[in-house]
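Here are some notes to read alongside the structure. Take them one at a time, and find each residue on screen as you go.

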Amino acid sequence: MSTTTTGRPTRKIVLWRHGQTAWNLERRFQGSTDIELTEAGVAQARRSARLLASLKPDAIVASDLRRAAATAAELASVTGLTVTHDAALRETYAGEWQGLTHDEILGKYGEQYAAWKRGEPVRRGGGELETEVADRAAPVVLGHAGRLPEGGTLVVVSHGGTIRTTIGRLLGLESSYWEGLGGLSNCCWSVLGEGARGWRLLEHNAGTLPEPVLGDDD
């Protein structure tokens with residue numbers, strides 16, 4: 001078990017993206033649209049839940065959208081934990097982009113898309129700024145993490161964009177750099193560990209159990 005410089009066992013936050021949906025396969029922007037998992041998505045969640053259960057999480061909090069709630073339910077079924085659902089963990093609301101394919105977005109909103117990719121603050125489709133997503137999601141994650149016992153683990157079941165912005169906020173990165181974190185595949189996760197100077201990114205877009213980092217600067 002890893003420890004802080006004070007010798008206390010470190011807390012961890014596992015941020016887990018939901019399983020596959022039909023709109024994921026179609027490269028269709030979901031945003032806050034409530035899309036359910038495909039059969040393959042359920043199978044992904046079931047497999048990943050068995051892996052994550054071995055981390056012996058202390059708490060599970062999830063977006064209330066069906067794709068995240070169903071993913072969280074698979075972990076709850078093997079751990080016996082109760083899932084806390086919170087609408088603040090929903091995916092970014094993206095207004096007119098929602099329901100459009102990637103190609104349709106490029107065709108209708110090419111300049112807006114390019115500005116977003118450059119790291120500029122953009123209300124995609126007239127929706128939320130990424131900083132506004134972090135404003136609502138990060139405090140929820142920190143609140144639940146703050147209630148963990150020493151060495152405890154929190155699993156947060158959410159969405160790719162929300163997870164990325166939350167990680168960026170918890171790491172103290174400027175919002176223009178959040179895109180550099182990269183996306184998460186369906187049912188993959190990232191792990192933050194509590195360090196001497198705040199939260200550290202230990203794993204990103206992982207699909208296997210976290211491994212200790214050997215030979216790092218601590």
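1. Let us start with the annotated active site. In this predicted model, the UniProt entry, which is unreviewed, places the feature "active site" at His 18 and Glu 91. These residues are spread over 74 residues of sequence, yet they cluster in space, with a largest C-alpha distance of 10.8 Å. Both His 18 and Glu 91 are included in the lining of the second largest pocket, so keep that pocket in view for the points below.

2. Now zoom in on His 18. You will find His 18 in the loop between strand 1 (12-17) and helix 1 (22-25). Is His 18 buried or exposed? His 18 has a relative accessible area of 1%, and because buried means under 20%, His 18 counts as buried. Leaving out residues up to four places away in sequence, His 18 touches Asn 24, Gln 30, Arg 67, Ala 68, Thr 71, Ser 158, His 159, Asn 186 and Cys 187. With one of these, Arg 67, there is a polar contact between side chains, at 3.3 Å.

3. Next comes Glu 91, the other residue of the annotated pair. Glu 91 sits in the loop between strand 3 (83-85) and helix 4 (102-117). With a relative accessible area of 12%, Glu 91 is buried. Residues up to four places away in sequence aside, Glu 91 touches several others, among them Arg 67, Glu 128, Arg 136 and His 159. Two of these names may look familiar: Arg 67 and His 159 also appear among the residues touched by His 18. Which backbone nitrogen does the side chain of Glu 91 reach? It is that of Gly 161, at 2.9 Å.

4. Now for the pocket itself. The second largest pocket holds about 700 Å³ of space. Its lining is made of 29 residues, and Arg 17, Asn 24, Phe 29, Glu 91 and Trp 116 lie nearest its centre. Which helix gives the most to this lining? Helix 4 does, with five residues, while helix 1, helix 4 and helix 6 (160-171) each supply at least two. Sorted by class, the lining has seven nonpolar, 12 polar and 10 charged residues.

5. There is a second annotation to compare with the pocket. The same kind of record, an unreviewed UniProt entry, places the feature "binding site" at Arg 17, His 18, Gly 19, Gln 20, Thr 21, Ala 22, Trp 23, Asn 24 and Arg 67. Of these, the lining of the second largest pocket includes Arg 17, His 18, Trp 23, Asn 24 and Arg 67. Notice that His 18 carries the "active site" feature as well as the "binding site" feature.

6. Two of the binding-site residues deserve a look of their own. Arg 17 has its place in strand 1 and is buried, with a relative accessible area of 14%. Beyond its neighbours up to four places away in sequence, Arg 17 touches residues including Asn 24, Thr 71, Ser 158, His 159 and Cys 187. Gln 20 lies in the loop between strand 1 and helix 1, and Gln 20 is buried too, with a relative accessible area of 14%. Which residue does the side chain of Gln 20 join through a polar contact of 2.8 Å? The partner is the side chain of Thr 38.

7. Some backbone angles are worth checking. Cys 187 has a positive phi of about 65°, although it is not a glycine. Cys 187 lies in the loop between helix 6 and strand 5 (189-195) and counts as buried, at 3% relative accessibility. Lys 56 is another residue other than glycine with a positive phi, near 55°. Lys 56 belongs to the loop between helix 2 (39-53) and strand 2 (59-62), and with a relative accessible area of 66%, Lys 56 is exposed.

8. Last, a stop at a histidine in a helix. His 144 lies in helix 5 (residues 130-145) and is buried, with a relative accessible area of 16%. Setting aside neighbours within four places in sequence, His 144 is in contact with Val 61, Thr 84 and Leu 154.

Conventions: Residues numbered from 1 in each chain as written. Predicted model: local features only at pLDDT ≥ 70, side-chain atom pairs only at ≥ 80, totals over all residues. Heavy atoms only, no water. UniProt positions renumbered as here; feature names shortened; annotations may be inferred. 1 Å grid on protein atoms, 1.4 Å probe; cavity = no way out; pocket = protein on both sides within 12 Å on 5 of 7 lines; lining within 4 Å. Helix = DSSP H or I, 4+ residues; strand = E, 2+ residues; numbered from the N terminus. Buried < 20%, exposed > 50% of the residue type's maximum accessible area, 1.4 Å probe, protein only. Contact = heavy atoms within 4.5 Å. Polar contact = N/O pair within 3.5 Å; in protein donor to acceptor, adjacent residues only side chain to side chain. Points joined across faces, edges and corners; volume = space filled by probe spheres on them. Nonpolar A, V, L, I, M, F, W, Y, C, P; charged D, E, K, R; others polar.
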